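Trainee: Before we turn to the details, could you show me how to read a helix, a buried side chain, a core and a cavity, taking one feature at a time?

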Amino acid sequence: MKKKTTISVIVGIIIFALFFISSIVNFIINVKWYSEVGYLSVYFTKLMAILKLSVPLFLISFLGIWFYYKSIRLSIIKYKKVVEINAIKKKTERKIIFILDAVLSLFLSVSIASSYWYNILMFSNSVNFNVKDPIFGLDVSFFVFKLPLIDSIYGFIMSFLIFLIIITVVLYFILSAKDRILQGRSLKLNLDLKGGLTRFAGRQLAVVSSLILLFLSIGYYIKSWKLVYSPRGVAFGASYTDIHVTYLFYKLIIFASLAAAVVVFISVIRSKIKPIIISIVFIVGLIVVENVSAIIIQNAVVKSNEKSFEKPYIQYNIDYTRKAYNIDNLKEQNFNIVNDLTKEDIGSNKEIISNIKINSFKQSLEFYNQAQVLRYYYTFNDLDVDRYNINGKYTQVFIAPREINSDSLVENAANWQNKHLVYTHGYGVVMSNVNAVTSTGQPDFLINNIPPNNKSGISLTNPSIYYGEKTKDYAIVNTKMQEIDYPSGDGNKYTDYKVESGIKMTFLNRIMFAIQYKNINFLLSRDINSDSKILINRNIMDRVQKIAPFLNYDSDPYIVINNGQLYWIIDAYTTSDKYPYSQPYNGINYIRNSVKVVVNALNGKTDFYIADKNDPLIESYSKIFSKLFKSMDEMDTDLKTHLRYPEQLFKLQGEVISKYHMTDPGVFFNSEDLWQISTNEKEVKGEVAINDSSYFTTKLPGNSKEEMVLVDYFNMRERPNMVSMLGARMDGDNYGKLVLYRFPTDQSIDSPYLFKSKINQDTTISQEITLWNKEGSQVVYGDTIILPIKNSLLYIEPLYLRSNGANAIPEMKRVIMMYGDKIISAETIDKALAGIFDYKTDTGVALPGTSTNSGSSISKENAAAIKDLYDKAIAAQKNGDWASYGDYIKKLGDLINQLNK
């Protein structure tokens with residue numbers, strides 16, 4: 001007997017192991033990986049929280065179901081009027097019920113614990129916002145940290161109690177139907193409370209029904225708190241009707257439910273149906289009357305006096321929305337446009353002028369992918385804007401990492417060895433000036449090619465990219481097959497991964513990864529040895545999500561060169577949809593950019609830095625995960641200079657500001673001053689879309705130092721006139737400060753869309769665009785810049801020309817500049833300024849537009865040759881002779897390159 005039991009246990013363990021082997025392997029690999037990246041405590045915080053919650057939930061659920069089964073079983077015996085004498089049958093039944101109870105309780109406890117562990121930790125580690133809601137006087141932390149858990153537990157308990165009622169009634173029907181069938185009677189069933197049902201399960205129904213009514217009263221108490229999220233009325237949050245009608249009825253329903261709980265308990269025990277019906281009808285009547293009364297009061301009383309009745313509630317909505325989106329400290333400043341710039345003003349602001357952005361994001365990225373991929377298995381997924389100190393000058397640049405794209409490997413090369421052992425990483429970055437192009441209208445590179453041709457002066461000693469946005473496959477490094485480091489001529493340079501990163505490929509680990517990835521090559525490969533390591537979770541977004549899934553991450557990570565290495569910076573947000581009175585946008589109504597995540601592109605080291613110490617959510621997270629976050633003081637000083645204000649957050653705040661810049665309840669109620677983010681044309685006579693936010697370098701009005709800012713423009717709602725400009729600062733101590741410049745309301749200020757309209761209306765420029773924009777080529781607009789200088793606005797629009805070929809490269813051909821009533825198209829910024837302001841660079845400082853070589857001089861003969869080739873190219877262009885145009889441009893480029901040598 002003992003031998004059979006032992007065998008059964010062993011077989012059971014084996015079956016269990018086989019059934020759950022995938023989960024077991026996944027758990028072990030997770031432990032190894034979290035340990036390797038230094039965040040094992042974060043992983044176990046979640047596991048321990050689930051375990052601590054699962055155990056008591058399992059006991060409560062198991063005992064509750066077991067005792068309910070015992071009581072129901074007694075009711076069945078009494079109902080059948082028989083005594084159980086079959087001991088074996090009784091024992092078998094108890095075993096079956098015990099196993100079913102255990103399985104169900106385990107499932108419920110683990111499911112609930114997995115869903116609510118985070119809410120429980122937040123509940124127990126809540127941090128005060130030091131802001132109280134205006135209705136109940138509770139700190140906002142109650143609504144953000146505690147109410148979600150209370151509401152979830154309430155919902156679960158009510159569902160469980162209703163489930164018990166349904167099970168009890170269904171069981172009674174089954175037994176009753178069985179008896180009728182056996183007795184040959186009609187199957188017609190009556191739910192007779194005075195008869196069979198109360199005799200069968202009177203006490204159970206009494207207890208459960210009373211508990212339901214008790215929790216109904218608790219539910220309406222919770223609903224009272226949730227009035228701060230009411231959509232009724234003019235503004236989000238509790239309105240006049242909610243407070244003066246709905247809230248009063250909720251109180252009545254709470255007391256009525258408590259009284260009904262007692263009445264129903266006694267009535268079920270005594271088999272009296274009338275008090276139960278009266279109690280239920282009374283509660284249902286209150287609910288119906290509340291809804292009807294609220295509708296009547298809202299439409300008959302409030303609507304006709306809405307402005308005065310709703311005024312305090314509108315003010316609550318304004319104040320709390322501005323706090324929730326962190327725009328309550330927005331600095332507002334009037335910007336009176338005089339347009340009185342002189343050429344002396346241009347000269348005194350040459351730092352701004354020399355950093356005018358004439359390269360555009362989309363076209364530059366397109367050119368990078370055409371000219372700098374160099375091998376088909378590389379790709380530029382994105383292009384980012386940043387600023388560096390280059391040759392002692394604050395310089396804004398475009399920068400893009402060259403990542404590996406294993407999906408692009410051709411059919412024969414797309415084997416397991418190549419994908420995971422050979423083509424393991426990307427290589428290097430490409431960097432170009434945003435304020436200059438070459439003579440052919442292409443980006444002026446500071447870093448390009450492989451190995452990097454680095455003219456920036458920025459140290460880049462290890463350009464390998466093992467972790468990135470496009471990197472998704474695992475890589476096995478230090479194998480017998482060397483990795484391709486980068487292409488060199490007709491061959492390749494090879495490398496080994498000499499970095500302390502990755503999980504050792506021991507035999508046991510090889511077995512586990514073979515199971516994890518369902519690939520036998522882990523075991524069969526002769527290239528993997530004891531020194532080999534596997535790098536997993538190499539996609540940086542998946543990586544940070546796995547470490548800290550409770551944060552929301554910006555969709556635009558950006559690469560930074562720092563201390564000779566490449567780093568990714570990812571903006572992370574803390575969000576909530578439970579901030580009282582705050583208007584929801586995109587499913588949230590509270591947001592902070594509280595975390596900056598830095599990922600080393602070479603070794604995958606991931607650091608989370610707290611960027612907003614005043615955010616209660618991140619303070620709570622740091623209490624829960626004490627070893628996850630670092631202070632910003634620990635971040636490398638040079639790395640801090642590359643922190644950007646995230647465009648995703650900026651766009652959201654801009655959407656909120658378009659309505660919530662109105663802080664007067666009366667103006668808000670009348671919607672007198674609604675704004676919208678400006679629209680723009682991307683292509684000539686193309687569709688009109690929301691204008692993209694733009695990073696550019698300037699000196700903001702009233703400031704003496706140049707800085708990189710993120711800017712959006714606003715129009716009046718459904719009008720093309722520009723009314724304001726929003727800027728986000730990000731350099732030094734000014735990081736995160738928002739400033740809103742309001743333009744005069746008595747002037748018509750051109751928006752980006754109106755600027756395009758004036759371009760199309762200018763006869764000279766429109767003719768030139770029409771000439772270019774015909775069959776065989778296409779004119780594309782770049783990024784529109786509206787630059788504030790002193791009391792004036794300078795409008796700049798790069799114009800790109802691209803042929804219609806499959807691999808056509810866009811080239812920047814013109815800069816269109818507008819100032820006041822003057823508009824001009826020129827080859828460079830300095831020519832445009834010369835045409836508008838009669839300004840010339842006589843200081844030796846070249847203005848942006850084309851790249852220059854200050855160390856060379858050009859003879860009159862060479863200058864004449866350059867001019868001759870240029871004139872011939874323009875003439876061919878105007879005649880539509882693109883073949884000749886290309887020849888002249890090539891000759892011109894060759895001559896310039898020769899002179900640069």
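Mentor: Let us begin at the start of a helix, bearing in mind that this is a predicted model. Asp 762 caps the N-terminal end of H23, with a side-chain oxygen placed 3.2 Å from the backbone nitrogen of Thr 764.

Trainee: Which residues of helix H23 are buried?

Mentor: Helix H23 spans residues 763-772, and its buried residues are Ile 765, Ser 766, Ile 769 and Trp 772. When one looks down the axis of H23, these buried residues fall within an arc of 125°, so they line one face of the helix. The face turned away from that buried side carries Thr 763, Thr 764, Gln 767 and Thr 770, which are exposed.

Trainee: Is Lys 533 buried or exposed?

Mentor: The test is the relative accessible area, for which buried means under 20%. Lys 533 has a relative accessible area of 7%, and it is therefore buried. The residue belongs to strand S15, which covers residues 533-535.

Trainee: What does Lys 533 touch, leaving aside residues up to four places away in sequence?

Mentor: With those sequence neighbours left out, Lys 533 touches two stretches of the chain, given here in full: Ala 475, Ile 476, Val 477 and Asn 478, and then Val 499, Glu 500, Ser 501, Gly 502, Ile 503, Lys 504 and Met 505. A polar atom of the Lys 533 side chain lies 2.7 Å from the backbone oxygen of Val 499. As for backbone spacing, the C-alpha atoms of Lys 533 and Thr 506 are separated by 8.7 Å, although these residues are 27 apart along the chain.

Trainee: Is Ser 267 buried or exposed?

Mentor: The same reasoning applies here: Ser 267 has 5% relative accessibility and so counts as buried. Ser 267 lies in helix H7, residues 240-269, and, beyond residues up to four places away in sequence, it touches Lys 272, Pro 275 and Ile 276.

Trainee: How many residues does the largest nonpolar core have?

Mentor: The largest nonpolar core has 187 residues, and those with the most contacts inside it are Met 431, Leu 551, Ile 561, Phe 608, Leu 628 and Phe 629. A second core, separate from that one, has 53 residues, including Leu 341, Ile 352, Ile 353 and Phe 837.

Trainee: Which residues line the largest cavity?

Mentor: There are three cavities of 30 Å³ or more, and the largest cavity holds about 70 Å³ of space. Its lining is made up of Ile 404, Asn 405, Ser 406, Lys 419, Tyr 423, Lys 470, Thr 471, Lys 472, Asp 473 and Arg 538.

Technical notes. Residues are numbered from 1 along each chain as its sequence is written. This is a predicted model: local features need pLDDT of at least 70, side-chain atom pairs count only at pLDDT 80 or more; totals for chains, interfaces and linings use all residues. Side-chain values use heavy atoms; hydrogens and water are left out. Helices (H or I, at least four residues) and strands (E, at least two) are DSSP runs, numbered from the N terminus. Buried means under 20% relative accessible area, exposed over 50%, partly exposed in between (1.4 Å probe, protein chains only). Contact means heavy atoms within 4.5 Å. A polar contact is a pair of N or O atoms within 3.5 Å; within protein, one must be able to donate a hydrogen and the other to accept it, and residues adjacent in sequence count only if both atoms are side-chain atoms. A nonpolar core is a set of buried Ala, Val, Leu, Ile, Met, Phe, Trp, Tyr and Cys residues joined through side-chain atoms within 4.5 Å. The arc is that of the directions from the helix axis to the C-beta atoms. On a 1 Å grid over the protein atoms alone, a cavity is a set of points where a 1.4 Å probe fits but cannot get out, and a pocket is an open set with protein on both sides within 12 Å along at least five of seven lines; lining residues have an atom within 4 Å of a point. Grid points are joined across faces, edges and corners, and a volume is the space filled by probe spheres set on the points.
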